[in-house]
Amino acid sequence: MKVNYNIKHASKVKRKDLLAALNIYIKTVDKFSQTDTNQIMDYIYKNYNENRIVFFFVLYLNGDVCGFAEYAYLKQNKALMIDYLCTENRNHTLFYNFYHMIFEEINKILNSKELFIEFIVTELSLLKHEKKLFETDSNYFRQVLSFEQFRILNIPYKQPCLGEKLEFYEYNLAIKKANSLENISYIYNKGFYVSLISEIYTEHYLQWYLHYYEGNKNDLIKEFEDNIVILHKEYPPKVYVKEIYSVNCKLFDEGICTHIKPETITLSKQRKKNIKKYFVCIIWVILSLSSILLCYFQEELNITKYISTLVNAITMITGVFALRPDK
């Protein structure tokens, strides 16, 4: 049996094919992560002149429309962002074929303009309901991207979402080197992080929102700037990338897996963790000194051996919590 995969730029397909692709987009992308389809169509046909370059594709399987894809190229950091790659059926074979076809097409277009892709980046939701990661697309992407050697940037990141007002939600950034098998487990410096997030905010999200925001545009710009400052302050003391695991696990989906944690470690979380640790250590020192003094002055203070034994037991238990290694 012969299977034919094909991609076409959305601006060059028949309108009925674009509508069919957007209908698949609406059915398959989580409601919380969707962009207004009227805005998408507006972007496709008006071709706005911006610093970033946006790509829209209609996906075909054996001549029939089977999906939709939206990418964006950020020039400063040479990063290609995957916004959406959705097919009518969630299928690993479909994903990988279209993923590589789209990359080759975009890479060819950029090379003709003397532009090059260094990183491929996408966002993974950390939104939970009753401890469960409920964004189906992000959970699916965690599985398929794991085989493409993507890594999670263990750095605080919040995705902007413009509804009645602008809100920011905690997400992961997944990243990989575009044309290398290099394991990018080295530490990213703060300059790279700030530059990447700032470009994603100002060139990717803000540029889009400014076309459709009906309120004070200066206020919108100020909100983005303020959140960049917050993320700058939340930069953790230790930064690294970690593997994306292929997770098809009930415990992981319910957010109670002890081996795989999708959350990033922010500076504020680290501070809270350190404060808790210091508090336990202080209690341990106080109880240890009290135990020594009670033993030394046991007869003078007429303290029973039961009280002394109890204090010693509490001291030992506190010591276990104080000295146990961090997970």
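**Notes on the predicted fold**

1. Let's start with the cysteines. The closest cysteine sulfur to that of Cys86 belongs to Cys66, and at 9.6 Å the two are too far apart for a bond. The cut-off here is strict: a disulfide is a pair of cysteine sulfur atoms within 2.5 Å. By that rule the count is 0 disulfides. As a reminder, a disulfide is a covalent bond between the sulfur atoms of two cysteines. Cys86 is buried at a relative accessible area of 6%, whereas Cys161 is partly exposed at 22%. Buried means under 20% relative accessible area, exposed means over 50%, and partly exposed is in between (1.4 Å probe, protein chains only).

2. A word on what you are looking at. This is a predicted model, in which local features need pLDDT of at least 70 and side-chain atom pairs count only at pLDDT 80 or more, while totals for chains, interfaces and linings use all residues. Residues are numbered from 1 along each chain as its sequence is written, and side-chain values use heavy atoms, with hydrogens and water left out.

3. The overall picture: the chain has 10 helices and 10 strands. These are DSSP runs numbered from the N terminus, with helices (H or I) of at least four residues and strands (E) of at least two. Of the chain's 327 residues, 46% are buried. About 18,600 Å² is exposed, and carbon and sulfur atoms supply 56% of that; areas come from the Shrake-Rupley method with a 1.4 Å probe, and for residues only the protein chains shown count as cover. Take the contacts (heavy atoms within 4.5 Å) between residues at least 6 apart in sequence: 70% of them join residues at least 24 apart.

4. Helix H5 deserves a look. It runs over residues 190-212, and its 23 residues should span 33 Å at 1.5 Å a residue; the end C-alpha atoms are 32 Å apart, which agrees. The expected span is 1.5 Å times one less than the number of residues. Even so, H5 bends by about 40 degrees at Leu206. The bend is the angle between axes fitted to the seven residues ending there and the seven starting there.

5. Now the rings. There are 20 aromatic pairs in the structure. One of them is Tyr5 with Phe98, edge-to-face, at 5.7 Å centre to centre and 85 degrees between the planes. This pair links distant parts of the chain, since Tyr5 sits in strand E1 (residues 5-9) and Phe98 in helix H3 (residues 92-112), 93 residues apart. The two partners differ in cover: Tyr5 is partly exposed at 22%, and Phe98 is buried at 0%. For the rules, rings of Phe, Tyr and Trp (its six-membered ring) pair if their centres lie within 6.5 Å; planes under 30 degrees apart count as stacked, over 60 as edge-to-face, and the rest as tilted.

6. A second pair brings us back to H5. Tyr157 and Tyr201 are tilted, 6.2 Å centre to centre with 40 degrees between the planes. Here too the pair links distant parts of the chain: Tyr157 is in strand E8 (residues 151-162) and Tyr201 in helix H5, 44 residues apart. Tyr157 is buried at 2% relative accessibility, and Tyr201 is buried at 0%. Both belong to a cluster linked by ring pairs, made up of Tyr157, Phe168, Tyr201, Tyr205, Tyr209 and Phe224.

7. Which residues does Val121 touch beyond its neighbours within four places in sequence? They are Ala79, Leu80, Met81, Ile82, Leu173, Ala174 and Ile175. Val121 lies in strand E5 (residues 119-125) and is buried at 1% relative accessibility. Its C-alpha is 6.8 Å from that of Lys176, although the two are 55 residues apart in sequence.

8. Lys12 is another story: it is exposed, at 70% relative accessibility. You will find Lys12 in the loop between E1 and helix H1 (15-28). From Lys12 to Phe57 is 45 residues in sequence and 9.4 Å in space, C-alpha to C-alpha.

9. Last, two backbone angles to check. Most residues other than glycine have a negative phi. Lys78 has a positive phi near 50 degrees; Lys78 is in the loop between strand E3 (64-74) and strand E4 (79-87) and is partly exposed at 36%. Gln149 also has a positive phi, near 60 degrees. Gln149 is in the loop between helix H4 (136-146) and E8, and at 44% relative accessibility Gln149 counts as partly exposed.
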